[in-house]
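Please read this briefing beside the sequence and the model shown here. The topics are strand pairing, the nonpolar core and two individual residues.

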Amino acid sequence: TADLVKNLSLSGEVTAPPSPTITLAAFTTTAMTYPLGTGPSASQNANISGSNLTNDITISTDNTTQWEVSKTGVDGSWGNSVTYTRTGTSIGTGNNIYVRLKSGLAVSPYSGMLTASSTGAVDKTYTLSGEVFQPAVTVSNNTFTQFTYAEGQGPSANQSFVVSGSN
């Protein structure tokens, strides 16, 4: 019997899977400041989501002595980092990240970087800026004169001053 040879031609293309993507929306513009002795600052928040993920999204700051993050923004939920767990290959759009300036800091401006990362995805970053400031105290009419009277004629006339503060 004769061997039959058939040539078969195949063509096609190999497509790489879609890249993991992190989406970090714009943060609210709340000032992250507070007067010395109070704190922490008010928080800023933004929506976080991801698609085509091969791992969870972790969010942290570059200076954990100055900044803290939370998934909910409520007391007791703040820490140095948070992780959003993916469902399949995605993290839906209903997730927020909160960041604030920690309490107990000295008077100074503070800056930092928040980073959202996941294996294979391009990191998303947000520049942090805040300040702890010295409260202002103003005293008006702080010069007193005429605290005198003749013996047996006292007391002297009343004098007053106003102390006010801001922040």
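What follows describes a predicted model, beginning with its sheets and ending with single side chains. One open sheet has 4 strands, and another open sheet has 5 strands. The largest nonpolar core comprises 25 residues. Ser 70, in strand β5, and Tyr 126, in strand β9, are then taken up in turn.

**The sheet of 4 strands**

- The strands of this open sheet follow the order β1-β3-β7-β5, and their pairing is antiparallel; its edges are formed by β1 (21-24) and β5, each of which pairs on one side only.
- From one strand of this sheet to the next, the twist averages 30 degrees.
- Strand β3 (residues 44-51) and strand β7 (residues 91-101) run antiparallel and are joined by 6 bridges, and Gly 50 stands opposite Ile 91 in β7.
- Strand β7 also pairs with β5, again in the antiparallel sense, over 4 bridges, and here Trp 67 stands opposite Leu 101 in β7.

**The sheet of 5 strands**

- In this open sheet the order is β2-β9-β8-β4-β6, and the pairing is mixed.
- Because β2 (32-35) and β6 (81-84) stand at the edges and have a single partner strand each, one side of each is left without a neighbour in the sheet.
- Neighbouring strands of this sheet are turned against each other by 15 degrees on average, with direction ignored.
- Within the sheet, strand β8 (residues 108-117) and β9 pair in the antiparallel sense over 9 bridges, and Ser 111 has Ser 129 in β9 as its bridge partner.

**The nonpolar core**

- In soluble globular proteins, nonpolar side chains tend to be buried together.
- In this model the largest nonpolar core has 25 residues, and those with the most contacts inside it are Ile 48, Ile 57, Ile 59, Tyr 84, Ile 97, Val 99 and Leu 114; strand β7 gives the most to this core, with 4 residues.
- Leu 114, when its neighbours within four places in sequence are left aside, is in contact with a set of residues including Leu 24, Phe 27, Ile 59, Val 69, Ile 97, Val 99, Tyr 126 and Leu 128.

**Ser 70**

- Ser 70 lies in strand β5 (residues 67-70), and it counts as buried because its relative accessible area is 0%, where the cut-off for buried is under 20%.
- The side chain of Ser 70 makes a polar contact of 2.6 Å with the side chain of Ser 77, and it also reaches the backbone nitrogen of Thr 72 at 3.0 Å.
- Not counting residues up to four places away in sequence, Ser 70 touches Ser 77, Trp 78, Val 82, Tyr 84, Asn 96, Ile 97 and Tyr 98, and of these Tyr 84 and Ile 97 are listed among the core residues with the most contacts inside the core.

**Tyr 126**

- Tyr 126 is found in strand β9 (residues 124-133), and it counts as partly exposed because its relative accessibility is 23%, a class that lies between the cut-offs of 20% and 50%.
- The side chains of Tyr 126 and Gln 44 are joined by a polar contact of 2.6 Å.
- Tyr 126 and Met 113 lie 13 residues apart in sequence, while their C-alpha atoms are 5.7 Å apart in space.
- Apart from its neighbours within four places in sequence, Tyr 126 is in contact with Leu 24, Phe 27, Thr 28, Gln 44, Gly 112, Met 113 and Leu 114.

Terms used
Residues are numbered from 1 along each chain as its sequence is written. This is a predicted model: local features need pLDDT of at least 70, side-chain atom pairs count only at pLDDT 80 or more; totals for chains, interfaces and linings use all residues. Side-chain values use heavy atoms; hydrogens and water are left out. Helices (H or I, at least four residues) and strands (E, at least two) are DSSP runs, numbered from the N terminus. Buried means under 20% relative accessible area, exposed over 50%, partly exposed in between (1.4 Å probe, protein chains only). A polar contact is a pair of N or O atoms within 3.5 Å; within protein, one must be able to donate a hydrogen and the other to accept it, and residues adjacent in sequence count only if both atoms are side-chain atoms. Contact means heavy atoms within 4.5 Å. Two strands pair if DSSP finds at least two bridges between them. Axes are lines fitted to C-alpha atoms, for helices over the stretch in contact, and angles run from 0 to 180 degrees between N-to-C directions. A nonpolar core is a set of buried Ala, Val, Leu, Ile, Met, Phe, Trp, Tyr and Cys residues joined through side-chain atoms within 4.5 Å.
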